[in-house]
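Visitor: I should like a close look at one part of this model, a loop and the helix that follows. Please describe the backbone there, and then follow the packing outward into the rest of the chain.

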Amino acid sequence: MTLDMTLTDTSWVLITGASSGFGEEFARQYAAQGHSLVLVARRLDRLQALAETLRQQHSIEVVTQQVDLSDIAAVTRLHQRLHEMGIEISTLINNAGHGLQGPFVDSTLDSTLAMLQLDVTSLTAVTHLFAQDMRTRGHGKILLVASLLAYQGVENFAVYAAAKAYVLRLGEALHRELKRDGVTVTTLCPGISETGFATAAQQKVTPVLKQLMMQPAPVVRTGIRALQAGRISVVPGWANKALVILTWATPRWLHQAFLSRAMNG
Ligand SMILES: NC(=O)c1ccc[n+]([C@@H]2O[C@H](COP(=O)([O-])OP(=O)(O)OC[C@H]3O[C@@H](n4cnc5c(N)ncnc54)[C@H](OP(=O)(O)O)[C@@H]3O)[C@@H](O)[C@H]2O)c1
């Protein structure tokens, strides 16, 4: 990666998982707002192609970083590299993640732990490193991408739903903890959306899920607005909001059974 421009812009947005899906859409929407971007993922060719398009369309600075976020040492090196380049991240979109569908005991232990490593451990490490910088500067914004599945355990998504419950709880606590330091933390809880997620998770898209499917653009727009407004968390889409209300209004066994049925057919 080469950087031959003067880095004067203080409104840098770092987006993890920017090579597809929500991450790519976050990049497009923040680029349209004129922000400078740091795009992170493993597939460098996709990041570079996106970066080139956004530079041409919006005359913004875009830095691409090929990082396997599962490797915590690589996360620390990324943080250090950006520091050395003089890039101060004012907004962090902690989005990279993947799912896994299937009976708990049939999934390999390796794939289960790899998912936890990315969705829980890496997300925590990235948040920790950049939140410290933001607290020192007295301002910053962090968006954590959880899931609608964070609201209940879901059959055949046991570890994924539990991991996303962790993300939501982490975000809620940090929202209050970091507020007094001038740092906003918002958690976005999308429902099923048309990204690369279902394929990567080997997820079956049931007829109910087809009805609930959202495009990435409105999901991302909702997330950015909620972060700007300093909200604690947000669920995009009316149908998804109704499902969350169901979890408040019904016994645990009932909404757990409903969501498990909807997710598995
Ligand atoms: N789509 C949905 O239905 C849905 C619903 C609720 C929540 N979510 C959440 O939304 C977030 C984004 O997913 P998506 O739907 O946009 O799926 P996606 O299109 O599959 O995007 C996942 C992104 O994460 C990156 N990533 C995966 N493993 C990585 C690693 N080890 N290191 C660095 N980057 C990695 C991928 O890039 P590379 O492969 O290039 O590394 C890709 O850019 C995830 O946290 C997911 O849990 C999705």
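Guide: Asn-156 is found in the loop that joins β5 (140-145) to α5. The model is a predicted one, and its backbone has a notable feature at this place: the phi of Asn-156 is positive, about 70°, although the residue is not a glycine. Most residues other than glycine have a negative phi. With 18 other C-beta atoms within 10 Å, Asn-156 counts as partly exposed, because a buried residue would need 20 or more.

A second residue invites comparison. Ser-59, also not a glycine, has a positive phi of about 50°. Its loop runs between α2 (44-58) and β3 (62-66). Ser-59 has 9 other C-beta atoms within 10 Å and is therefore exposed, the limit for that class being 12 or fewer.

Beyond the loop of Asn-156 comes helix α5, which spans residues 158-179. Two packed helices are described by the angle between their axes and the distance between the axes. For α5 and helix α4 (residues 109-137), the angle is about 10° and the axes are 9 Å apart. Angles under 35 degrees count as roughly parallel, so α4 and α5 belong to that class.

The contact between these helices can be followed residue by residue. From α4 come Thr-112, Met-115, Leu-116, Asp-119, Val-120, Leu-123, Thr-124, Ala-131 and Arg-135. On the side of α5 they meet Val-159, Tyr-160, Ala-163, Tyr-166, Val-167, Leu-170 and Leu-178. Sorted by class, this contact comprises 12 nonpolar, 2 polar and 2 charged residues.

Helix α5 also takes part in the largest nonpolar core. In soluble globular proteins, nonpolar side chains tend to be buried together. Here the core has 66 residues, and those touching the most other members are Ile-15, Ala-27, Leu-37 and Leu-39. Helix α5 supplies 6 residues, the largest share of this core. Around Leu-39, apart from neighbours within four places in sequence, the contacts are Ile-15, Ala-18, Ala-27, Leu-47, Leu-50, Ala-51, Val-62 and Thr-64.

The ligand remains to be placed. A shell of 29 residues surrounds the ligand, with Gly-17, Gly-21, Arg-42, Gly-97 and Gly-196 the closest. Two elements, α1 (21-32) and α6 (197-200), each give two or more residues to this shell. Of the elements, α1 contributes the most, with 3 residues. By class, the shell holds 12 nonpolar, 14 polar and 3 charged residues.

Note on methods:
Residues are numbered from 1 along each chain as its sequence is written. This is a predicted model: local features need pLDDT of at least 70, side-chain atom pairs count only at pLDDT 80 or more; totals for chains, interfaces and linings use all residues. A residue is near a molecule or strand if its C-beta atom, placed from the backbone, lies within 6 Å of it. Helices (H or I, at least four residues) and strands (E, at least two) are DSSP runs, numbered from the N terminus. Ala, Val, Leu, Ile, Met, Phe, Trp, Tyr, Cys and Pro count as nonpolar, Asp, Glu, Lys and Arg as charged, and the others, Gly among them, as polar. A nonpolar core is a set of buried Ala, Val, Leu, Ile, Met, Phe, Trp, Tyr and Cys residues joined through C-beta atoms within 7 Å. Two residues are in contact if their C-beta atoms, placed from the backbone, lie within 7 Å. Axes are lines fitted to C-alpha atoms, for helices over the stretch in contact, and angles run from 0 to 180 degrees between N-to-C directions. Angles under 35 degrees count as roughly parallel, over 145 as roughly antiparallel, 65 to 115 as roughly perpendicular and the rest as oblique.
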